[in-house]
Amino acid sequence: MNSTISIGMQDFGKLIRSGAFYVDKTSFIKEWWENQDDVTLVTRPRRFGKTLNLSMVDYFFSNQHADSGKLFENLDIWKEEKYQDLQGTFPVIFVSFAGIKAENYENARDGIIQVLLDLYGKYYFLLQSDRLNEQEREYFTYIRPDMSDAVAAMALHRLAICMYRYYGKKAMILLDEYDTPLIEAYTDGYWDEMITTCRQLFHNTLKENDYLGRAIITGVTKVLKNSLFYDLNNLLVATVTDDI
């Protein structure tokens with residue numbers, strides 16, 4: 001048994017390669033996949049490994065990690081051949097709002113915009129393909145520091161469209177710490193503005209999105225389906241008692 005216990009390491013690949021102690025949570029991959037839920041919201045307290053587990057899902061499914069099968073060879077998920085065949089075969093959009101912490105709405109919005117800018121920068125290579133039409137290429141020109149609220153709200157939706165055109169598969173979307181901006185907004189007094197921004201973004205990304213394969217969202221806040229996600233009838237809420 002490995003004796004080194006890493007504190008705070010949130011990258012699954014880095015953790016496994018380091019040889020540090022790891023509690024095998026890969027059974028979640030099988031459970032989530034076989035449940036076939038469109039959108040899964042996982043709410044757990046801080047320091048419960050949400051980011052590490054989302055990173056695990058990313059390493060398993062993302063075609064950006066198609067060469068990472070060896071990371072899973074000694075873990076539960078690798079015992080079934082059909083799951084070996086799934087590894088590294090899907091386009092995945094992995095987004096984190098963990099760093100969106102600001103004392104006012106303007107700075108918080110700027111933080112969300114920066115996350116979107118970085119994400120589009122990561123996938124800028126899509127523009128080099130002739131699989132995108134002219135309108136889809138223009139999506140990338142809309143993503144600027146001065147983009148409007150409407151453009152920002154559609155950014156993940158439109159990126160999913162481009163990834164579908166490029167890869168021929170609907171994208172998985174992994175959104176970590178969806179509620180960090182909302183917690184900060186509630187504390188610092190700009191809740192109304194932030195809830196409107198997040199509701200529009202999540203609605204366009206998770207509800208009105210024919211190019212979404214499946215999604216996992218993590219956070220610390222227990223929510224009612226009639227609040228932020230009031231119109232997501234495709235949402236499964238998994239609480240702290242679930243084994244992830």
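**Exercise 1.** State whether phenylalanine 60 is buried or exposed, then describe the aromatic pair that phenylalanine 60 forms with phenylalanine 72.

*Solution.* The relative accessibility of phenylalanine 60 is 0%, and the residue counts as buried (buried is under 20% relative accessible area, exposed over 50%, partly exposed in between, with a 1.4 Å probe and protein chains only). The model is predicted: local features need pLDDT of at least 70, side-chain atom pairs count only at pLDDT 80 or more, and totals for chains, interfaces and linings use all residues. Residues are numbered from 1 along each chain as its sequence is written, and side-chain values use heavy atoms, with hydrogens and water left out.

Next, the partner. Phenylalanine 72 is also buried, at a relative accessible area of 0%.

Then the pairs. There are 20 aromatic pairs in the structure (rings of Phe, Tyr and Trp, the last by its six-membered ring, pair if their centres lie within 6.5 Å; planes under 30 degrees apart are stacked, over 60 edge-to-face, the rest tilted). Phenylalanine 60 and phenylalanine 72 make an edge-to-face pair, with 5.1 Å from centre to centre and 85° between the planes. Phenylalanine 60 belongs to helix 3 (residues 50-61) and phenylalanine 72 to the loop between helix 3 and helix 4 (81-86), so the pair ties together parts 12 residues apart in sequence. Helices (H or I, at least four residues) and strands (E, at least two) are DSSP runs numbered from the N terminus.

**Exercise 2.** Work out which type of pair phenylalanine 61 and phenylalanine 90 form, and place their rings in the wider aromatic cluster.

*Solution.* The two ring centres are 5.9 Å apart and the planes meet at 75°, so the pair of phenylalanine 61 and phenylalanine 90 is edge-to-face. This pair links distant parts of the chain: phenylalanine 61 is in helix 3 and phenylalanine 90 in the loop between helix 4 and strand 2 (92-96), 29 residues apart. Phenylalanine 61 and phenylalanine 90 are both buried.

One aromatic cluster takes in Phe60, Phe61, Phe72 and Phe90, together with Phe12, Tyr22, Trp32, Trp33, Tyr59 and Trp78. Over the face of tryptophan 32 lies arginine 214, at 4.4 Å from the ring centre (a charge sits over a ring if NZ of Lys or CZ of Arg is within 6 Å of the ring centre and within 35 degrees of the ring normal). Arginine 131 lies over the face of tyrosine 166, at 5.4 Å from the ring centre.

**Exercise 3.** Describe how helix 2 (residues 27-35) packs against helix 3.

*Solution.* Two packed helices are described by the angle between their axes and the distance between the axes. For helix 2 and helix 3 the angle is about 75° and the axes are 10 Å apart (axes are lines fitted to C-alpha atoms, for helices over the stretch in contact, and angles run from 0 to 180 degrees between N-to-C directions). Helix 2 is therefore roughly perpendicular to helix 3 (roughly perpendicular is 65 to 115 degrees; under 35 is roughly parallel, over 145 roughly antiparallel, and the rest oblique).

The residues come next. Helix 2 brings Phe28, Ile29, Trp32 and Trp33 to meet Met56, Val57, Phe60 and Phe61 of helix 3 (contact means heavy atoms within 4.5 Å).

**Exercise 4.** Compare the settings of glutamine 36 and glutamate 177.

*Solution.* Glutamine 36 is not a glycine, yet its phi is positive, about 60°. Glutamine 36 sits in the loop between helix 2 and strand 1 (39-43) and is exposed, at a relative accessible area of 62%.

Glutamate 177, also a residue other than glycine, has a positive phi near 55°. Its place is the loop between strand 3 (171-176) and helix 8 (180-188), and glutamate 177 is buried at 18%.

**Exercise 5.** Find which residues of helix 8 are buried and what lies around that helix.

*Solution.* Thr180, Pro181, Leu182 and Ala185 are the buried residues of helix 8. Their cover includes helix 9. Aspartate 192 lies in helix 9 (residues 191-207) and is exposed, at 58% relative accessibility. The C-alpha atoms of aspartate 192 and leucine 182 are 9.6 Å apart, with their positions 10 residues apart along the chain. Glycine 189, just after helix 8, has a positive phi of about 90°.

**Exercise 6.** Summarise the protein chain by its secondary structure and burial.

*Solution.* The chain has nine helices and five strands. Of its 244 residues, 48% are buried.
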